[in-house]
Structure formats: C-alpha cells, structure tokens
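The exercises that follow ask the reader to work through a protein fold step by step, with the sequence and the model at hand. Each task is followed by its solution.

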Amino acid sequence: MATVELRFSALPEHVRTARLVAAAVARRAGVDEAVLDEVRLAVGEACSRAVGLHQIGGISAPVKVLLIEEEKQFSIEVGDEAPHAVAGGGAGAGPGDPDGEADEDEMGLAVISGLVDDVEVSAGEHGGLIKMTWPITPPPTILV
C-alpha cells in the first residue's frame with residue numbers, strides 16, 4: 001500500500017496542482033484511463049470546497065489530500081479543518097452562515113457523488129473528510 005500526502009495553503013490557485021497530482025498518481029496506480037477525467041474533476045470539486053470552507057472560516061491550516069493505492073482500489077481523501085454543524089444543523093448551517101452557502105456546499109457534494117460511485121462524506125466540529133474510491137485495473141498478464 002502506497003500513500004502520497006499533499007498539503008496546500010487554502011488558496012484557489014493550488015486546487016489545479018492538487019488535480020494534476022491526483023490524476024498522475026491515479027494513472028500510476030492503475031486507475032482506468034477512461035475514469036481519469038472523473039478523478040480530476042472530483043478532486044477539483046472536493047479541494048475547491050475545502051478551500052472555500054477554510055477561507056470562510058478564516059482557517060489558516062492547510063487542506064490535506066491523501067492519495068492511497070491499495071491492492072484493488074485507489075482512494076483519495078480530502079480533509080478540511082472547518083467546523084461543520086453536527087446532526088440536525090445541516091452542513092455548513094450555523095449562526096452567521098450567509099444565505100446560499102449551505103446550498104453551494106450541497107451542490108458541490110452532489111457533483112462529487114455524480115462523478116464517483118464510491119464516496120463517503122464525514123463531518124464534525126473539528127473538520128470534514130471526503131473519501132472517494134475507484135477500482136484499479138490490474139496490469140495484463142504476459143505469458144511467455
């Protein structure tokens with residue numbers, strides 16, 4: 001199992017770099033070429049969401065991205081340190097929450113869910129995590 005960890009300042013200009021790194025590592029791990037655009041788009045959406053949450057919350061901690069290659073799957077975890085409302089409060093809802101911010105957050109999660117078949121979203125008062133998983137295409141067997 002190989003893991004690549006990427007941390008970047010919560011600035012929109014770093015999202016493109018995260019997308020490129022994720023696609024390169026996914027390709028190397030054996031994710032099907034036809035799915036790489038989905039990987040790139042999903043990572044871009046997840047990282048943009050994390051950057052936005054950090055900027056709105058005034059959080060100076062970096063956004064964390066883990067790229068995890070396992071035997072039969074490739075996973076990407078995008079973590080933020082923004083406090084999220086717990087059950088009953090709705091994602092992003094809270095005092096001082098600008099109108100539409102929670103809707104935008106839900107839209108981003110909907111886009112990610114549309115791109116990735118296996119996605120898990122967790123959030124709490126100490127941050128959130130989006131875990132996306134794709135199958136790995138095994139290399140062809142060469143018989144001699």
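Helices (H or I, at least four residues) and strands (E, at least two) are taken here as DSSP runs, numbered from the N terminus. The model is a predicted one.

**Exercise 1. Establish the order of the helices and strands along the protein chain, and then the order of the strands in the sheet.**

Solution. Begin with the inventory: the protein chain has three helices and five strands. Reading along the sequence then gives the pattern β-α-α-β-β-α-β-β.

Next, turn from sequence order to spatial order. The five strands form an open sheet with antiparallel pairing, in the order β1-β2-β3-β5-β4. The edge strands of this sheet are β1 and β4, each of which pairs on one side only, and the twist averages 10° from one strand to the next.

Individual pairings can now be placed within this sheet. Strands β2 and β3 are joined in the antiparallel sense over six bridges, and one point of register is given by Leu67, whose bridge partner in β3 is Ile76. Strands β4 (residues 118-124) and β5 (residues 127-135) run antiparallel and are joined by seven bridges; they form a hairpin with two residues between them. Here Asp118 has Thr133 of β5 as its bridge partner.

**Exercise 2. Test whether the lengths of α1 and α2 agree with the spans expected at 1.5 Å a residue, and locate the buried residues of each helix.**

Solution. Take α1 to begin with: its 15 residues should span 21 Å at 1.5 Å a residue, and because its end C-alpha atoms are 21 Å apart, the expected and modelled values agree. For α2 (residues 36-57), the 22 residues should span 32 Å, and the end C-alpha atoms are 31 Å apart, which likewise agrees.

The second step concerns burial, for which the cut-off is a relative accessible area under 20%. In α1, the buried residues are Val15, Ala18, Ala22, Ala23, Val25, Ala26 and Ala29, and the buried residues of this helix pack against β1, α2, β2 and β3. In α2, the buried residues include Leu36, Val39, Val43, Cys47, Val51 and Leu53, and also Arg49 and His54. Helix α2 lies across β1, β2, β3 and β5, running at about 15° to β3.

Finally, look at what comes just after each helix: Gly30 takes a positive phi of about 110° after α1, while Gly58 takes a positive phi of about 65° after α2.

**Exercise 3. Determine which residues of the largest nonpolar core touch the most other members, and which element gives the most to this core.**

Solution. In soluble globular proteins, nonpolar side chains tend to be buried together. In this model, the largest nonpolar core has 32 residues, of which Phe74, Ile76, Val78, Met132 and Trp134 touch the most other members. The elements giving two or more residues to this core are β1 (2-8), α1 (15-29), α2, β2 (63-69), β3 (73-80), α3 (101-115) and β5. Helix α2 gives the most, with eight residues.

Phe74 serves as an example. This residue is found in strand β3 and counts as buried because its relative accessible area is 0%. Beyond its neighbours within four places in sequence, Phe74 is in contact with residues including Ala22, Val25, Ala26 and Ala29, as well as Leu67, Met132 and Trp134. For Val78, again not counting residues up to four places away in sequence, the residues touched include Ala46, Cys47, Ala50, Val65, Ile130 and Met132.

**Exercise 4. Decide whether Thr133 is buried or exposed, and describe its surroundings.**

Solution. Thr133 lies in strand β5. Its relative accessible area is 10%, and Thr133 is therefore buried. Apart from neighbours within four places in sequence, Thr133 is in contact with Gln73, Phe74, Ser75, Val116 and Asp118. With the side chain of Ser75, the side chain of Thr133 makes a polar contact of 3.1 Å.

**Exercise 5. Find what Glu33 contacts through its side chain, and how far its C-alpha atom is from that of Thr137.**

Solution. Glu33 lies in the loop between α1 and α2. The side chain of Glu33 makes a polar contact with the side chain of Arg27, at 2.9 Å. Although Glu33 and Thr137 are 104 residues apart along the chain, their C-alpha atoms are separated by 9.5 Å.

Methods: Residues numbered from 1 in each chain as written. Predicted model: local features only at pLDDT ≥ 70, side-chain atom pairs only at ≥ 80, totals over all residues. Heavy atoms only, no water. Expected span 1.5 Å × (residues − 1). Buried < 20%, exposed > 50% of the residue type's maximum accessible area, 1.4 Å probe, protein only. Pairing = 2+ DSSP bridges. Polar contact = N/O pair within 3.5 Å; in protein donor to acceptor, adjacent residues only side chain to side chain. Contact = heavy atoms within 4.5 Å. Core = buried A, V, L, I, M, F, W, Y, C linked by side-chain atoms within 4.5 Å. Axes fitted to C-alpha atoms, helices over the stretch in contact; angles between N-to-C directions.
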